[in-house]
Amino acid sequence: MKASIFHLFTTRETPAEAEIASHQLMLRSGMIRKLTSGIYTWGPLGLRVLRKVEEIVRDELNSAGYQELLMPAVQPAELWQETSRWEKFGAQLLKISDRAGREYCFGPTHEEVMTDFVRNEIRSYKQLPITFYQIQTKFRDEIRPRFGVMRSREFLMKDAYSFHIDHTSLDDTYWEMYEVYSRIFTRTGLHFRSVEADSGAIGGHKSHEFHVLADSGEDEIAFSDVSDYAANIEMMPVAKPGYERPAATEEMRTVDTPDAHTIDELVSAYGVPIEKTVKTLIVHAAEDQEADFVALLVRGDRALNPIKAEKLVQAACPLEFASDKEIREAVGAGPGSLGPVGLTLPVIADQEVALMSDFTAGANIEDKHYFGINWDRDVASPLTADLRNAIEGDASPDGKGVLQTARGIEVGHIFQLGTAYSEAMNAVVLGEDGKSHVMHMGCYGIGVSRIVAAAIEQNHDDRGICWPEPIAPFQLALLPMNAKKSYRVREAAEKLYAELLDAGVEVFYDDRDLRPGVMFNDMELIGIPHRVVIGERGLDSGALEYRYRKDTENSEIPLDGAVKAILEKLGMS
RNA sequence: CGGGGUGUAGCUCAGCCUGGUAGAGCACCACGUUCGGGACGUGGGGGUCGUGAGUUCGAAUCUCGCCAUCCCGACCA
């Protein structure tokens, strides 16, 4: 590709709207342009990267024997009503209607359409298992799109669906897909980690996420420092503490605490050790409960895990915190003065809280706390559950080692759906026994456009992007110095360019009449992995200059046999 | 949805407080000088100042509404 005919539009300044490195660099390099909130155009440069990622995904899935197809983006409401998701999916579902007033949505995912396709196509267990996939534009009306294509509303996704006669077959394909995903992410050249995950609203049984590791990631994952055990922090269980509750040593007493409405204030103003504090969170109760609210207790320095909390039978799902007003009406005191003693609401304590003694919590009286509270003596022992987030240093739930944490960007997710959709949509096949069987299903997603952003997040420096070679927009940048003035340079560059193209190299030949500094900066910004410079200086000594994007020093390549030497650098010989 | 911020040229921003008829840098066009790490000079094109109303002799500037956009939102108990 010649730069003179390629739309390269780089900027020196960082657009004000971009917060994180990948978003800034994608805008500065001209890979993407925003059309409107959460909706982006992929420019020629960005599209080359997107296509590279897509090709790796497609190639591995095809190799595994899965079949590509392409489904409509616009889907009729009736299909979604069959599974009740027309309502359940909520505001993320972009609903549209046609001229006759018929309702549709722009597909955020394709379980319904795929299940409909398969129930019409597949009649016999002999045709199973079968897996279809597509690479297609999805739309989810995110509450808060951000970070460019990292969390956009319109995005490119690979979604695959497998269909099975029974759960055993589903399990086989699930683990096969797990391996395929591992190969895909390995091939992109990114550092990733798979973790056990919450299957979330989609439901189902088993689920794993694949995360690209990056400090700016929105997800936190936890893993054992010695075993393979890893899970999203959302669902990482916390092991029951192995110790007994210490005996009470203090009497419970009421303390006026007008200055303490937060745990931090309690600690700083009254010298209470934070691990002796308990915070009380009031959430809405599930509809079938007698009480309207439930109190959840976690230690003052712990974070409530909302996923664990909403799985409690007593709590509403999705989790909803009580408002200030509701708390005052139900308890008689406001946030900042709440605690288990004298509380008339059902109480569920984190398992660790139940083992605390001599602790401090709000008195349910405005501006008062109880110090030296002990279970059984001052207040009945509560129901307990695992309610808090795991943190670094906790024992690994598999009993091996301690947990470490890292931040990640979720780029892949695989689920065992079971029969949730096939049952609702009556997707059945005839079995060996001559009877109808509801098919078992798996679904498997990869955020293709998100991978591009994640790759940059993981691979950049202060000069720009440092593409992993498998997904770089070009392999090599060929930069002639002052070609307009020097016939020799121009000739040599043109010749080398032609030879490299012949050899199948994806070369970006910068034939623009620009000062060298501009070329260097552009090439480093857009992150082309290999760079070859041709100048008068080098031609005099019979050499080309070579530099790898992540290096800081040049090396020389003899002009004689330069193509062969370059191919070696590119790993193509 | 709640809170906060911002809307002025393609981009980054100044001007607004204290009303007087729109600016800079980058980018773009032309010419010249430059030419191995984002050159310089001269000349030029480009903005109904988000939008609607109001106040005023006069509004980018003051007032109100609307729209768009960005950031934050259990961690408080």
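This briefing walks through a predicted model of a protein chain with an RNA strand, topic by topic. Chain A has 573 residues, of which 51% count as buried (under 20% relative accessible area with a 1.4 Å probe, protein chains only; exposed is over 50%, and partly exposed is in between). Its secondary structure comes to 15 helices and 30 strands (DSSP runs numbered from the N terminus: H or I of at least four residues for helices, E of at least two for strands).

A quick word on conventions: residues are numbered from 1 along each chain as its sequence is written, and chains are lettered from A and ligands numbered from 1 in the order in which they are written. Because the model is predicted, local features need pLDDT of at least 70 and side-chain atom pairs count only at pLDDT 80 or more, while totals for chains, interfaces and linings use all residues; side-chain values use heavy atoms, with hydrogens and water left out.

**The chain as a whole**

- Taken along the principal axes, the C-alpha atoms of chain A fill a box of roughly 95 × 70 × 50 Å.
- Among contacts in chain A (heavy atoms within 4.5 Å) with a separation of 6 or more, 68% come from residues 24 or more positions apart.

**Around RNA strand B**

- RNA strand B is surrounded by 49 residues (near means a heavy atom within 4 Å), and the closest are Arg144, Thr262, Ile263, Glu524 and Glu545.
- By class, this surface has 19 nonpolar, eleven polar and 19 charged residues (Ala, Val, Leu, Ile, Met, Phe, Trp, Tyr, Cys and Pro are nonpolar; Asp, Glu, Lys and Arg are charged; the others, Gly among them, are polar).
- Six elements each supply at least two residues: β1 (32-36), α7 (263-270), β14 (278-284), α13 (516-526), β28 (530-534) and β29 (543-548).
- Helix α13 gives the most, with seven residues.
- Looking at the RNA side, 50% of the strand B atoms within 4 Å of the protein belong to sugar or phosphate, and the rest belong to bases.
- Phosphate oxygens of RNA strand B lie 3.2 Å from a polar side-chain atom of Thr36 and 3.0 Å from a backbone N or O atom of Thr262.
- A polar backbone atom of Leu304 sits 2.8 Å from a base nitrogen of RNA strand B.

**Helix α11 and its partner α1**

- Eleven of the eleven residues of α11 are buried, so this helix is largely enclosed by the rest of the structure.
- Helices α1 (residues 21-28) and α11 (residues 448-458) pack with their axes 8 Å apart, at an angle of about 105° (axes are lines fitted to C-alpha atoms over the stretch in contact, and angles run from 0 to 180 degrees between N-to-C directions).
- The two helices are therefore roughly perpendicular (65 to 115 degrees; under 35 is roughly parallel, over 145 roughly antiparallel, and the rest oblique).
- Ala21, Ser22, Leu25 and Met26 of α1 meet Val452, Ala453, Ile456 and Glu457 of α11.
- Sorted by class, that contact has six nonpolar, one polar and one charged residues.

**Buried spots in loops**

- Asn459 is in the loop between α11 and β24 (460-461), and it counts as buried because its relative accessibility is 11%.
- Leaving aside neighbours within four places in sequence, Asn459 is in contact with Leu190, Ile465, Cys466, Pro468 and Lys550.
- Ser227 is in the loop between β11 (219-224) and β12 (230-232), and at 15% relative accessibility Ser227 is buried too.
- The side chain of Ser227 makes a polar contact of 2.7 Å with the side chain of Asp398 (N or O atoms within 3.5 Å; within protein, one must be able to donate a hydrogen and the other to accept it, and residues adjacent in sequence count only if both atoms are side-chain atoms).
- That Ser227 side chain also reaches the backbone nitrogen of Tyr229, at 3.2 Å.

**Backbone details and an exposed loop residue**

- The peptide bond from Leu128 to Pro129 is cis, with omega near -5°.
- Asp358 has a positive phi, near 50°, in a residue other than glycine; Asp358 is buried at 7% relative accessibility.
- Phe147, in the loop between β7 and β8 (154-164), has a positive phi near 60°.
- Asp560 is in the loop between β30 (555-558) and α15 (562-569), and at 73% relative accessibility Asp560 counts as exposed.
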